[in-house]
Structures are given as C-alpha cells and as structure tokens.
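Let's walk through the sheets of this protein together, one question at a time. Have the structure open and follow along.

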Amino acid sequence: MNKLAQMMQNFFAFSLHDTALRCCIAVFLSMVGHNLYAQLAATPTVTPQMTYTNTDGQQVQEASYNGGAPLRVVFEATPKDLGNYTPLYEWQFTRENSATPFLTRYEQTTTYDFIESGNFRVRLLVSFVLGNDTISYSQDDPFVLNIAESKLEFPNAFTPNGDGINDIFKAKDGHQSIVSFQATVVNRWGKQMARWNHPSEGWDGKSGGTDTPEGAYYLNVTARGADGRNYNIKKTINLLRRYDAIAK
Ligand SMILES: [Ca+2]
C-alpha cells in the first residue's frame, strides 16, 4: 500500500467514525428535544366513553347498544393534557340519516334516557381554547344506539303451585322497550287481586297473602312502548295449581 492509499484509508475511517458519532448525537438530541417538546406542548384531547347498564344489571362501557328502552346512558368526555386550555364540550344527539341534532348537550359528562325507539348517533365535539388559540376535536366514530321497537305479550294461564315452573303470571319473555306499564288482575266479582308496575314483575296467585282459588281471572294492562305504541290488554287468564304442562 502506498502512502496516498494509507492516507485515504485513514481519512475515510475517521470520516465514517465522525459521521456515525454525529448521527448518534443528532438522534440523541432529537429524542431529548422531542420529549421536551411533548412535555411542554402536549395537545389536549378527550377519550369519549359511553356507559350503560346491560340486561344482566352490569355497568358496561361499549361503543354501541342494541336493545330495548328505557335505557339510561352516561356519556363522558374524559379529557387529558388540558394544560391551560379551556375545553368547550358539545355532545350532538342525532337520529340516523339526519345531520341535524335533535339534542345538544354542553357538559363534560352528560346523562340521557332513551325512551323512544329508533337508531341514534351520539358524537362529541370539543374546542380547546387558550387565548386566540383553538384546537378542535371531533369524535371520528360516533356512538351507535339502536333502540328496538316495543313488544309486550301475556300468556293465558299459570300454575302457582311452587314447583318453579310457570308459578308467576307475568309478561312473556322477550318483552322490550316498554317505557310505562301498569297491570291489574281482578276476580270474577271485580275485586282486585294484584297490581304491578313493571313488565318484569307479575302475580304469584296470592291475594292478601293467601292462595286464591283456581279458575278464571281478568287481566287489564295499560302500557306504552318506546315506539309510541299504546297497549291496552284485557284478557281472561286461568289460574291452575294441579297442572304444570300448561302452555305458557
Ligand atoms: Ca307451576
């Protein structure tokens, strides 16, 4: 190897080393700088959350709901990194296929009772304001709530004999979206035997703590569905204690 080649080799070796070092320093400074920047200028944001009580009685956080009414839902903005920004919240409640909200709420956390059937969308918009500076947030995917149409039916008979089968007279399983309800049962002389105010409740066949006789009784139900349907159910029901294999 001649002297020139040796010099060139040394030069490039140094140069490469130098470049690598510079890169390392640059990356390091960039990371430190980025962290500092992130700490100094964290962008305020929100994490919208929807909470409701499911049919099992448990509170759940979901992005959608399919089922009956009434349904109470809590919407929370859950802001973070606000710094000195003032958040201005706007919850827009719309019906599917409508751009115009039927309701707008301006709270950080808002509660709404869905009592009408239909397909709803709920979206959070936020303006974070600091002096003349405004940062806008818009929820990409709105919460989706599909409230079912109402359903309410009653059986013709029940067997309150304590065997655990069909012992309580009540609405058939599958009743849904009933937002107001009142039921009474009278005997053939018009005397009230029972009264209840929720579709999941019923009559155990007793009156004043004692078993009522077998036979025909008269049910009168007035109820209203989330879809606006009015129920006015009057029917004869049979109280049977000896038979279990009765049609529900
Ligand atoms: Ca029974």
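Two strands pair if DSSP finds at least two bridges between them. Please keep in mind that this is a predicted model.

Q: How many bridges join strand S15 and strand S20?
A: Look for S15 at residues 178-186 and S20 at residues 215-225. The two strands run in the antiparallel sense, and one pair to find is Ala183 with its bridge partner Val221 in S20. The number of bridges between S15 and S20 is 8.

Q: Which residue in the turn between S15 and S16 has a positive phi?
A: S15 also pairs with strand S16 (residues 192-196), antiparallel and over 4 bridges. Val186 has Gln192 as its bridge partner in S16. The two strands form a hairpin with 5 residues between them, and the turn residue with a phi of about 85° is Gly190.

Q: In S21, what is the bridge partner of Leu219?
A: S20 is joined by 10 bridges to strand S21, residues 230-239. These two strands run antiparallel. The partner of Leu219 in S21 is Lys235.

Q: Why do S13 and S16 each have one side without a neighbour in the sheet?
A: The open sheet of 5 strands has mixed pairing and the order S13-S21-S20-S15-S16. S13 (157-158) and S16 each have a single partner strand, so one side of each is left free of a neighbour because both stand at the edges.

Q: Which strands are the edge strands of the sheet of 4 strands?
A: This open sheet has antiparallel pairing and the order S3-S2-S5-S9. Inside it, S2 (residues 49-53) and S5 (residues 71-76) pair over 4 bridges, and Met50 has Phe75 as its bridge partner in S5. The edge strands pair on one side only, and they are S3 (59-61) and S9 (109-114).

Q: Which peptide bond is cis?
A: Most peptide bonds are trans. Look in the loop between strand S4 (64-67) and S5, where Pro70 has its place. With omega near 0°, the cis bond is the one from Ala69 to Pro70.

Q: Is Ser177 buried or exposed?
A: Ser177 lies in the loop between strand S14 (169-170) and S15, and its phi is near 55°, a positive value in a residue other than glycine. A residue is buried if 20 or more other C-beta atoms lie within 10 Å of its own. Ser177 has 25 such neighbours inside 10 Å, so Ser177 counts as buried.

Key
Residues numbered from 1 in each chain as written. Predicted model: local features only at pLDDT ≥ 70, side-chain atom pairs only at ≥ 80, totals over all residues. Buried ≥ 20, exposed ≤ 12 C-beta atoms within 10 Å, placed from the backbone.
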